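Dear colleague,

I am passing on to you the structure we spoke about, together with some notes on what was found in it. Please look through the sequence and the model first, and then read on.

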Amino acid sequence: MGTWGYKALESDEGLDVVAFLREFMEQHKESNQLTLSDIVQAMKQQGFFGKTLEDIDFFYDISALALAELYSQYLNTGTIYGQENKDRQIQWVVDESSLTFILRYLQDIRDEVPDQHGSREIVELWQESKSWPEWQSNLAYLIQTVEQAINRLPQ
């Protein structure tokens with residue numbers, strides 16, 4: 001785990017998600033909208049997530065955390081990490097299904113839903129870290145952010 005902070009975007013694996021998103025944005029540069037559902041589907045195809053939520057892996061967890069952090073940054077700044085052209089505003093369009101997918105990953109991490117070996121690797125690693133309280137706080141913040149985003153969606 002190459003990390004220099006407690007956030008997913010402060011890790012090598014989190015930066016893999018950033019690189020993926022940059023490439024995704026480049027492939028869709030004709031549009032001023034990015035849809036979370038398209039991003040999640042593309043990430044699944046590229047191996048950032050398992051086929052189901054029962055496929056538990058450290059990298060899948062980091063991917064979910066990083067995507068939630070990127071979305072949270074977008075909500076706070078109106079820009080998407082890696083957005084090269086600051087003159088071009090890009091809107092990140094979300095839907096309940098994709099937000100729920102991310103939320104479920106985050107909740108499973110919080111609840112320490114175990115993998116086939118009986119543990120959740122990402123939680124084990126952070127529990128042994130001095131940054132455990134900050135990591136837990138960040139996870140709680142991300143869960144709250146995604147829950148609030150779901151609640152703001154039109155019914």
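To begin with a pair of helices, the crossing of α3 and α6 is left-handed. Please keep in mind throughout that this is a predicted model. Two packed helices are described by the angle between their axes and the distance between the axes. For helix α3, residues 58-77, and helix α6, residues 132-152, the angle is about 65 degrees, and the axes are 10 Å apart. On the α3 side the residues that meet the partner helix are L65, A68, E69, Y71, S72, L75 and N76, while α6 brings W135, N138, L139, Y141, L142, T145, V146, A149 and R152. Sorted by class, the residues in this contact of α3 with α6 are 10 nonpolar, 4 polar and 2 charged.

One residue on the α3 side deserves a further word. A68 lies in helix α3, and A68 is buried, with a relative accessible area of 3%. Setting aside residues up to four places away in sequence, A68 touches I102, L106, L142 and V146. A68 and L15, which are 53 residues apart in sequence, have their C-alpha atoms 13 Å apart in space.

Turning to α6 as a whole, this helix has 21 residues and reaches 30 Å from its first C-alpha to its last, which is close to the 30 Å expected at 1.5 Å a residue. Its buried residues are W132, W135, N138, L139, L142, I143, T145, V146, A149 and I150. These buried residues cover an arc of only 160 degrees around the axis, and they therefore lie on the same side of α6. On the other side of α6, P133, N151 and R152 are exposed. As for what the buried residues of α6 pack against, the partners are α3, α4 (96-110) and α5 (121-127).

Helix α4 can be described in a similar way. It has 15 residues and reaches 20 Å from its first C-alpha to its last, close to the 21 Å expected at 1.5 Å a residue. Its buried residues are S98, L99, F101, I102, L103, Y105, L106, D108 and I109, and what covers them includes α2, α3, α5 and α6.

Within helix α4 lies Y105, and at 1% relative accessibility Y105 counts as buried, because buried means under 20%. Leaving aside its neighbours within four places in sequence, Y105 is in contact with F49, G50, T52, L53, D55, Y60, D61, A64 and R120. From C-alpha to C-alpha, Y105 and Y74 are 19 Å apart in space, and they are 31 residues apart in sequence.

In the loop between α4 and α5 you will find E112. Most residues other than glycine have a negative phi. E112, however, has a positive phi of about 55 degrees although it is not a glycine. With a relative accessible area of 38%, E112 is partly exposed.

Two further residues may help you to find your way around the model. The first one to look at is I39, whose place is in helix α2, residues 36-45. At 0% relative accessibility I39 counts as buried, and, not counting residues up to four places away in sequence, I39 touches F20, L21, F24, L34, L67 and W92. The C-alpha atoms of I39 and A149 are separated by 17 Å, and the two residues are 110 residues apart along the chain.

The other residue is V93, which is found in strand β2, residues 91-93. V93 is partly exposed, with a relative accessible area of 27%. Not counting residues up to four places away in sequence, V93 touches Q33, L34, T35 and L36. V93 and S37 are 56 residues apart in sequence, and their C-alpha atoms are 8.5 Å apart in space.

If you would like one place to start, I would suggest the contact of α3 with α6, where A68 of α3 is among the residues that meet α6.

With kind regards

Note on methods. Residues numbered from 1 in each chain as written. Predicted model: local features only at pLDDT ≥ 70, side-chain atom pairs only at ≥ 80, totals over all residues. Heavy atoms only, no water. Axes fitted to C-alpha atoms, helices over the stretch in contact; angles between N-to-C directions. Helix = DSSP H or I, 4+ residues; strand = E, 2+ residues; numbered from the N terminus. Left-handed = near helix turned anticlockwise from the far one by under 90°. Contact = heavy atoms within 4.5 Å. Nonpolar A, V, L, I, M, F, W, Y, C, P; charged D, E, K, R; others polar. Expected span 1.5 Å × (residues − 1). Buried < 20%, exposed > 50% of the residue type's maximum accessible area, 1.4 Å probe, protein only. Arc of directions from axis to C-beta.
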